[in-house]
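Let's take a walk through this protein model together. Keep the sequence and the 3D view open, and find each spot as we reach it.

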Amino acid sequence: MATVGTLTSTPLPDPMTNPDFDGVNTIGTSSTPEKVPFEPSKHLNFMPPSKVYSMEELGYPQSRGVSPIGVSEPFPLFSAEAIQQMRKEVLSDEVFSKWKYSSELAQCQLRGYATDCAPFVYDAWKSPETLGIISKIAGVDLVPAMDFEIGHVNLAVYSEEEKNKALNEMVAKANRAADEGKDWEDGDPIVDWHTDSYPFVCVTMLSDCTRMVGGETALRRGDGEVFKVRGPQMGYAVILQGRYIEHQALRALGGTERISMVTSFRPRASLIKDDTVLTTVRPISDLGELYLQFAEYRFDILQDRFRHANKLMRDQQRARRSFDTARLKQFIREQMEFLEHMDKEIVEDDKVVKGKVDDCYLLSEDLKLERSKKRRAAVA
Ligand SMILES: [Fe+2]
């Protein structure tokens with residue numbers, strides 16, 4: 001989920017060079033997609049999720065994160081017409097030629113294109129109606145983390161041959177497990193365990209997954225147990241407080257394409273903490289654009305906080321209250337930490353290696369250890 005810069009265990013074929021890919025609105029369509037305005041009454045198809053899991057239910061303390069909500073079950077969000085228009089914009093020549101990112105982590109990601117050449121995608125995620133739905137489910141008022149993160153796309157394409165091979169392997173494994181009297185489920189991750197860079201993500205499915213199996217999101221509960229949430233069907237979405245819950249996306253089998261759209265969010269209110277990091281996105285971004293947008297919204301937050309602090313001090317003085325020195329010093333320390341956090345996240349351009357992500361997005365020591373073992377084994 002929110003597979004922004006995370007490891008694929010099996011390299012996926014590059015859709016740009018894969019002759020077998022002939023999905024709807026074929027990738028690299030030559031014509032510019034027709035402009036369609038986003039109309040909430042026509043393009044939203046919202047039904048509340050059957051269940052929303054709180055952080056507490058997932059075994060985490062309430063103080064963790066920016067909301068008491070952890071993750072939702074998949075729910076219908078966009079109409080079929082909206083999904084088709086999103087596909088047209090996302091799978092256009094222009095997006096592929098200008099906004100495609102590849103890394104050791106995922107071979108095909110489309111990022112940062114929305115402001116430039118996907119007006120429908122941009123408006124869909126900026127719409128007050130959409131944000132109202134997302135915020136209500138998330139339990140906190142949210143806005144897109146930055147324009148650069150609107151509509152991040154993870155694209156996996158398989159040929160018929162690859163699809164059948166993977167399915168046959170799964171059936172063979174399941175049969176073997178049945179012979180041995182064991183339960184079996186395909187637990188192969190498409191992305192390794194990770195946390196996201198941004199507080200919340202909304203993952204929307206742009207592919208028809210009706211004939212696919214798998215594709216769940218595995219979450220680690222507070223006690224280390226694994227908890228799975230179903231993957232969304234076409235037009236459905238899942239909301240996850242991914243910055244605070246380690247998770248991994250499991251493989252989906254039986255399809256020739258799987259295109260998911262991940263939009264990241266942060267709280268709208270400036271007084272709520274902002275733990276956003278850039279660990280998973282730095283290596284797959286236009287750094288100038290990413291740093292500009294990161295600095296811009298964080299400076300906006302600081303301006304709001306300073307204005308708020310000034311008003312508070314003035315109001316207290318007018319009301320003849322004694323000056324709260326301890327509170328002022330605490331406020332100053334918090335803003336210094338806020339700036340230090342920014343300084344740490346804005347890594348010098350020459351120190352950022354395209355496509356390389358270190359382990360700092362992992363929270364649990366045992367997962368860090370597991371990851372370093374895998375790396376050593378790969379080198380040996
Ligand atoms: Fe994620």
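Strand S11 (residues 226-229) has two faces: Phe227 and Val229 sit on the covered one, while Val226 and Lys228 sit on the uncovered one. Strands here are DSSP runs of E with at least two residues, helices are runs of H or I with at least four residues, and both are numbered from the N terminus. Before going further, note that this is a predicted model, where local features need pLDDT of at least 70, side-chain atom pairs count only at pLDDT 80 or more, and totals for chains, interfaces and linings use all residues. Residues are numbered from 1 along each chain as its sequence is written, and side-chain values use heavy atoms, with hydrogens and water left out.

Who is the partner of S11? Strand S10 (residues 217-220) runs antiparallel to S11, joined by four bridges. (Two strands pair if DSSP finds at least two bridges between them.) Across from Phe227 in S11 you'll find Leu219. The hairpin made by S10 and S11 has five residues between the strands, and Gly224 there takes a positive phi near 90°.

Now hop over to strand S8 (residues 200-205), where six of six residues are buried. Buried means under 20% relative accessible area, exposed means over 50%, and partly exposed is in between, using a 1.4 Å probe and protein chains only. Phe200, Cys202 and Thr204 point one way from S8, Val201, Val203 and Met205 point the other way, and all are buried. S8 pairs with strand S15 (residues 257-267) in the antiparallel sense over six bridges, and Phe200 has Phe265 in S15 as its bridge partner. S8 also runs antiparallel to strand S12 (residues 236-240), with four bridges joining them; there, Cys202 is matched with Ile239.

Phe265 turns up again among the aromatic rings, as it forms one aromatic cluster with Phe78 and Trp125. A search of the whole structure finds seven aromatic pairs. To pair, rings of Phe, Tyr and Trp (its six-membered ring) need centres within 6.5 Å; planes under 30 degrees apart count as stacked, over 60 as edge-to-face and the rest as tilted. One of the pairs is Phe46 with Phe75, edge-to-face at 5.8 Å centre to centre and 85° between the planes. Phe46 lies in the loop between helix H1 (40-43) and strand S1 (52-54), and Phe75 lies in strand S3 (residues 75-76), so this pair ties together parts that are 29 residues apart in sequence. Phe46 is partly exposed at 33% relative accessible area, whereas Phe75 is buried at 0%.

Phe78 and Trp125 make another edge-to-face pair, with 5.3 Å centre to centre and 85° between the planes. Phe78 is in the loop between S3 and helix H2 (80-90) and Trp125 is in helix H5 (residues 119-126), so the pair ties together parts 47 residues apart in sequence. Phe78 counts as buried at 3% relative accessibility, and Trp125 counts as buried at 0%.

Rings can also have charges over them. The charged end of Arg266 sits over the ring of Tyr297, 3.9 Å from its centre, and the charged end of Arg298 does so over the ring of Phe338, at 3.6 Å. The test asks for NZ of Lys or CZ of Arg within 6 Å of the ring centre and within 35 degrees of the ring normal.

Next, look at His247 in strand S13 (residues 247-249). Is His247 buried or exposed? His247 is buried, with a relative accessible area of 0%. Its side chain makes a polar contact of 3.1 Å with the side chain of Asp196, and also reaches the backbone oxygen of Ile245 at 2.7 Å. (A polar contact is a pair of N or O atoms within 3.5 Å; within protein, one must be able to donate a hydrogen and the other to accept it, and residues adjacent in sequence count only if both atoms are side-chain atoms.)

Last stop: Arg320, in the loop between helix H8 (287-318) and helix H9 (325-345). Arg320 has a positive phi of about 60° although it is not a glycine, and it counts as exposed at 72% relative accessibility.
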